[in-house]
Amino acid sequence: MADSISLPSVTGNSTKTINILLINPNGTSSMTEACLRSLQDTLPPHCTVTGFTSPKPAPSAIEGHLDGVLSSAAAIRAIIPIASKYDAFLVACFSQHPLINALREELSGPVIGIMEASLYASRMLGGRLGIVATGGRSKVMHEDAIRYYGFSGFSVGCETTNLGVLELERLPREKVLGLVGEAAGRLVNEKGADCIALGCAGMTEMKIRCEEAVGSKDATAQVIDGVGVGVQILIGLVREGHVTAKGGIYRSSKAGREARGQDWL
């Protein structure tokens, strides 16, 4: 019956060019390159994602609050002079990173962090979300951030791999994949999560192994890569003509600096 009904439809024809800056706040360029590789098969035509790695003295990994502050200071001073080339900005650090809101103050293009993107997508696709974290401190920080973003009622918490951020790249691949898959499996099988967020930008190429571990093929659970969904969210916001609202908390701090006679960032 439904096949015989002619339903209205529309096919898009937008050729709007979109340029997104993928910002790795730490100083490890191989992580930036891994994020870019993970996007190649899903990036639509007319959209270009450029990778940015924070210059020195940014820390080589972000594993605590001080790392976050230091990486923000290094990154923002290098980003502001080139920001006009880009329509939107993805902060590729899985945390409530201070750079996110700092960029929202300074820039008009949409800014999103990969943790935010993962949480939003998980909430839309499932009933309970869980995060595969690296180490113990990351677990605590992620659970604090889940409360900050308002998702604590939908979270089963985090499971850790007990690896450092840089160990995700340096240790044997099979060992790392096994630990990530085991953590994802515990979230689904023991805690009842039906959406799993990969809790580090360094895990972005481990999505397939996690999907195998939690049964994504039969839709038992979904594995969310914040880099991929973050880029797609930004594309949608830019195509719809949205920018960061400047009438409230994200009004520019530039005028305040100038009023204080501060001609430096």
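These legends accompany close-up views of a predicted model.

**Figure 1. Overall fold of the chain, with ten helices and eight strands.** The model is predicted, not experimental. The chain holds 265 residues, and its radius of gyration is 19 Å. A compact globule with that number of residues would come near 18 Å, so the chain agrees with the rule. Along the principal axes, the C-alpha trace spans about 60 × 55 × 35 Å. Of the 265 residues, 47% count as buried. Contacts with a separation of 6 or more are 75% made up of pairs 24 or more positions apart.

**Figure 2. Surface and charges of the chain.** The exposed area is about 13300 Å². Carbon and sulfur atoms supply 53% of that area. The chain carries 25 positive and 26 negative charges. Their mean positions lie 5 Å apart.

**Figure 3. Cysteines Cys35 and Cys195, in a chain with zero disulfides.** A disulfide would need two cysteine sulfur atoms within 2.5 Å. The count comes to zero. Cys195 is in no disulfide, and its nearest cysteine sulfur, that of Cys210, is 13 Å away. Cys195 has a relative accessible area of 0%, so it is buried. Cys35 has 2% relative accessibility and also counts as buried. The cut-off for buried is under 20%.

**Figure 4. The cis peptide bond at Pro57.** The bond runs from Lys56 to Pro57, with omega near 10°. Pro57 sits in the loop that links strand E2 (47-53) to helix H2 (65-79).

**Figure 5. His46, a non-glycine residue with positive phi.** The phi of His46 is about 70°. His46 belongs to the loop between helix H1 (29-39) and E2. Is His46 buried or partly exposed? Its relative accessible area is 40%, so His46 is partly exposed.

**Figure 6. Val165 in the loop between strand E6 (155-160) and helix H6 (167-170).** Val165 has 6% relative accessibility and therefore counts as buried. Which residues does Val165 contact, leaving aside neighbours within four places in sequence? They are Met31, Ala61, Ile62, Glu63 and Cys200. Ala201 is 36 residues from Val165 along the chain, yet the two C-alpha atoms are separated by 8.9 Å.

**Figure 7. Ser122 in helix H4 (residues 114-125).** Ser122 has a relative accessible area of 1%, so it is buried. Beyond neighbours within four places in sequence, Ser122 is in contact with Leu129, Cys195 and Ile224. Cys195, shown in Figure 3, is likewise buried, at 0%.

**Figure 8. Leu179 in helix H7 (residues 173-189).** Leu179 is partly exposed, because its relative accessible area is 24% and the buried class stops under 20%. Leu179 touches Thr161 and Leu163, not counting residues up to four places away in sequence. The C-alpha atoms of Leu179 and Thr160 are separated by 8.5 Å. Along the chain, Leu179 and Thr160 are 19 residues apart.

Notes. Residues numbered from 1 in each chain as written. Predicted model: local features only at pLDDT ≥ 70, side-chain atom pairs only at ≥ 80, totals over all residues. Heavy atoms only, no water. Helix = DSSP H or I, 4+ residues; strand = E, 2+ residues; numbered from the N terminus. Rg over C-alpha atoms; globule rule 2.2 N^0.38 Å. Buried < 20%, exposed > 50% of the residue type's maximum accessible area, 1.4 Å probe, protein only. Contact = heavy atoms within 4.5 Å. Areas by Shrake-Rupley, 256 points an atom, 1.4 Å probe, with all protein chains shown as cover. Lys, Arg positive; Asp, Glu negative; His and termini not counted. Charge placed at Lys NZ, Arg CZ, Asp CG, Glu CD.
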